[in-house]
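Visitor: Please choose a single part of this model and take me through it closely. I would like to hear about its packing and its charged pairs in one connected account.

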Amino acid sequence: MVVTSGVDHVAIRVSDMERSIAFYRDLLGWEVVMDLRLDGPGMETALRTPGVRVHNVMLRKDALGMIELVQVHAPDVAPYDGTRRPLDVGGLFTLSLNVEDIDACYAELTAKGVEFHSAPATIEVPGLGTTRIVFFSDPDGVAIELVQAEGTSLNK
């Protein structure tokens, strides 16, 4: 069995790097810690795509870890069409972020123009108690969940 020691980062493919940096850095408060561009035979082999060029930006937020934004430039990569991603296809389901005060975050982000899928909701987690959650999407339709855990977090 392969033994892992944790999650290094989560990578999110984006269609417009500058727009996504502004979203994660300026709106959610993540810090850009690396910005690089990769291409050449190694990337072509790793991604099995001739002519591929990749723009990677790593962001960090305190002890939460890192998010990698990845913009892929290749002859066969179709541009994002701006629609919300369906829930029944494979891939990243949601990026869940813990918050201390979900109502304050909801109010602040709403005031900054973020459109939420609904108001914050309280859910019962069997055997663990209640938690409050709310969802919105990043500029490319990736669902972001804010979680105010009230004794339900498995990470504690």
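Guide: Happily! Buried means under 20% relative accessible area, exposed means over 50%, and partly exposed is anything in between, using a 1.4 Å probe and protein chains only. This is a predicted model, in which local features need pLDDT of at least 70 and side-chain atom pairs count only at pLDDT 80 or more, while totals for chains, interfaces and linings use all residues. Residues are numbered from 1 along each chain as its sequence is written, and side-chain values use heavy atoms, with hydrogens and water left out.

Let's look at the largest nonpolar core, meaning a set of buried Ala, Val, Leu, Ile, Met, Phe, Trp, Tyr and Cys residues joined through side-chain atoms within 4.5 Å. This core has 25 residues, of which I12, Y24, L28, L69, L109, F136 and L146 touch the most other members. At least two core residues come from each of α1 (17–27), β3 (53–60), β4 (66–73), β5 (95–98), α3 (102–111), β7 (129–137) and β8 (143–149). Here helices (H or I, at least four residues) and strands (E, at least two) are DSSP runs, numbered from the N terminus. The largest share, 5 residues, is supplied by α1. As a general point, nonpolar side chains in soluble globular proteins tend to be buried together.

Now to one member, L28. Setting aside neighbours within four places in sequence, L28 is in contact (heavy atoms within 4.5 Å) with F23, K61, L97, L109, F136 and I144. Apart from this core lies another, of 5 residues, including M43, V52, V54 and V70.

That brings us back to α1 and the charged pairs. The structure holds 4 salt bridges, each a side-chain nitrogen of Lys or Arg within 4 Å of a carboxyl oxygen of Asp or Glu. One of them joins R19 and D140 at 3.2 Å, N to O. This pair links distant parts of the chain, as R19 belongs to helix α1 and D140 to the loop between β7 and β8, 121 residues apart. R19 is partly exposed, because its relative accessible area is 36%, whereas D140 is buried, because its value is 1%.

Another salt bridge pairs R25 with D26, at 2.6 Å, N to O. Here R25 has 38% relative accessibility and so counts as partly exposed, and D26, at 48%, is also partly exposed. E108 and K112 form a further bridge, their closest N and O atoms being 3.0 Å apart. E108 counts as partly exposed because its relative accessibility is 43%, and K112 is partly exposed too, at 47%.
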